[in-house]
Amino acid sequence: MTNEEIRNRIKARRKEQQLSQADLAEKLSISQTAYYKIEKGNTGLISDHLPKIASILKIPEEELVLGYDTSKYSEELKEKEKRIAELESIIADKEKIIELQNELLKKI
């Protein structure tokens, strides 16, 4: 994602929450002019202010950067990881059964 896309998402979210540039600047402990420059792209944004902006706007940093809510993918990932663990357990059980069968065959 480009800085411009990120700035546009920040601006849109700020407006959705009915916050002025002055409001956000105050919460960031910077001047309104400094915030204006961030939103317009005249000054750096990402490394210094992005985490705090995301926090103020109550949005994950990833959503600002990527442009979509990553939490739903997080839940899907947890479900898939759980299913993988279940399948690994089944495989381990089957491997143990095969091992026991091989030991029994050796004794015959």
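Here are three short exercises on this predicted model, each with a worked solution. Residues are numbered from 1 along each chain as its sequence is written. Local features need pLDDT of at least 70 and side-chain atom pairs count only at pLDDT 80 or more, while totals for chains, interfaces and linings use all residues; side-chain values use heavy atoms, with hydrogens and water left out.

**Exercise 1.** Find which residues are linked with Arg 13 in a network of salt bridges.

*Solution.*
- Start with the rule: a salt bridge is a side-chain nitrogen of Lys or Arg within 4 Å of a carboxyl oxygen of Asp or Glu.
- Glu 16 pairs with Arg 13, with the closest N and O atoms 3.4 Å apart.
- Glu 63 also forms a salt bridge with Arg 13, again with closest N and O atoms 3.4 Å apart. Glu 63 sits in helix H5 and Arg 13 in helix H1, so this pair ties together parts 50 residues apart in sequence.
- So there's your network: Arg 13, Glu 16 and Glu 63.

**Exercise 2.** Work out whether Glu 16 is buried or exposed, and do likewise for Glu 63.

*Solution.*
- Get the cut-offs: buried is under 20% relative accessible area, exposed over 50%, partly exposed in between (1.4 Å probe, protein chains only).
- Glu 16 has 58%, so call it exposed.
- Glu 63 has 16%, so call it buried.

**Exercise 3.** Say where Glu 99 and Lys 96 lie, and how far apart their closest N and O atoms are.

*Solution.*
- Both belong to helix H6 (residues 71–107), three residues apart, or about one helical turn. Helices here are DSSP runs (H or I, at least four residues), numbered from the N terminus.
- Their salt bridge has its closest N and O atoms 3.9 Å apart.

Definitions and conventions:
Helices (H or I, at least four residues) and strands (E, at least two) are DSSP runs, numbered from the N terminus.
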